[in-house]
Amino acid sequence: MLHNQKIVIIGASQGMGFATAQLLANQNNELIIASKTKEKIEKAAKEIGKNVVPKELDFTDELSVKKFFEEIDSFDHLVLIGAGVPAWGTFTQFESQALKNAFNTKFFGYYYSAKHAVPHLRKDGSILMVIGGAARKAIAGTSGVAAVNGAILAMGRTMAVELAPLRVNIVSPGLVDTPAYDWMNEEQKQTFFKQMGGKLPVGRIGKPDEIAHIIEAVLNNKYMTGSVIDIDGGGNL
Ligand SMILES: NC(=O)c1ccc[n+]([C@@H]2O[C@H](COP(=O)([O-])OP(=O)(O)OC[C@H]3O[C@@H](n4cnc5c(N)ncnc54)[C@H](OP(=O)(O)O)[C@@H]3O)[C@@H](O)[C@H]2O)c1
């Protein structure tokens, strides 16, 4: 069980990031949780209740990211689980600008965060980056999403070599029930989840705390680096 570690999680106001923060704070780790919206991250910290400090941070703003880490000093683990603005659609459907926006948000958000965290990370610690199943299986309508997440995956594996002994790992979830889907009404959302879950070997989509437990295990395992862990209900089979 991971405990007594200082951990920064960017993208922790809701969804899988929040579930991860909740789990790790309950195990007596010292957390700094960040996200773009001040009220949301403060509310998340209040709900977690202990071992947690909330910070407002837009990870697409490199100067803010640099300042954020300078204020933290040293720590053990960085978890990057913030969302970007994805470019959905088939290869010929999405606009070039949509793909640029997707890279400028998720890819560069992760890149700036990892880059400016490194000088502050303890060498026996780790970086964990959350990508998404589109980078692991060719699914029509997701080439833009695959490109961004695949770029993070490729960068992360090489980072593991360059930054050693610091460990760098990638977690790749499949569909998970998070507020990311709240743009649908409840009925549409449940129909969509049921439909998508029904196609998976496990027969349902994922829950945020299932991803949180994998993240905890990866942070805690000192023999693991450069690994890509799929947790997708068998979605990439
Ligand atoms: N849910 C899925 O089915 C699924 C599947 C595969 C992969 N993923 C990936 O897994 C990760 C977590 O997904 P999720 O569904 O749990 O996410 P989510 O519920 O949409 O939450 C996204 C988090 O990212 C933060 N964020 C967004 N833009 C940010 C920025 N510019 N700077 C800092 N923080 C920012 C949000 O902060 P605020 O709330 O403060 O704006 C929020 O905390 C994402 O990278 C997503 O792409 C998700």
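**Questions on the fold**

Trainee: What makes 45% of the 237 residues of the chain count as buried?

Mentor: A residue is buried if 20 or more other C-beta atoms lie within 10 Å of its own, exposed if 12 or fewer, and partly exposed in between, with C-beta atoms placed from the backbone. Of the 237 residues, 45% meet the condition for buried. The model is predicted: local features need pLDDT of at least 70 and side-chain atom pairs count only at pLDDT 80 or more, while totals for chains, interfaces and linings use all residues. Residues are numbered from 1 along each chain as its sequence is written.

Trainee: Why does the radius of gyration of the chain agree with that of a compact globule?

Mentor: The radius is taken over C-alpha atoms, and the globule rule is 2.2 Å times the number of residues to the power 0.38. For 237 residues a compact globule would be near 18 Å, and the chain has 17 Å, so the two agree. The C-alpha atoms fill a box of roughly 45 × 35 × 35 Å along the principal axes.

Trainee: How do you know that the chain has seven helices and seven strands?

Mentor: They are DSSP runs, numbered from the N terminus: helices are H or I of at least four residues, strands E of at least two. By this rule the chain has seven of each, and from the N terminus their order is β-α-β-α-β-α-β-α-β-α-β-α-α-β.

Trainee: What makes S5 and S6 paired strands?

Mentor: Two strands pair if DSSP finds at least two bridges between them. Strand S5 (residues 121-130) and strand S6 (residues 167-173) have five bridges and run parallel; the pair therefore satisfies the definition. Met 129 stands opposite Ile 170 in S6.

Trainee: Why are S3 and S7 called the edges of the sheet?

Mentor: The open sheet of seven strands has the order S3-S2-S1-S4-S5-S6-S7, with parallel pairing. Strand S3 (52-56) and strand S7 (228-231) each have a single partner strand, so one side of each is left without a neighbour in the sheet.

Trainee: What makes the crossing of H3 and H4 right-handed?

Mentor: A crossing is right-handed if the near helix is turned clockwise from the far one by less than a right angle, and left-handed if anticlockwise. The crossing of H3 and H4 is of the right-handed kind. Helix H3 (residues 62-72) and helix H4 (residues 96-117) pack at an angle of about 35°, with their axes 9 Å apart. Axes are lines fitted to C-alpha atoms, for helices over the stretch in contact, and angles run from 0 to 180 degrees between N-to-C directions.
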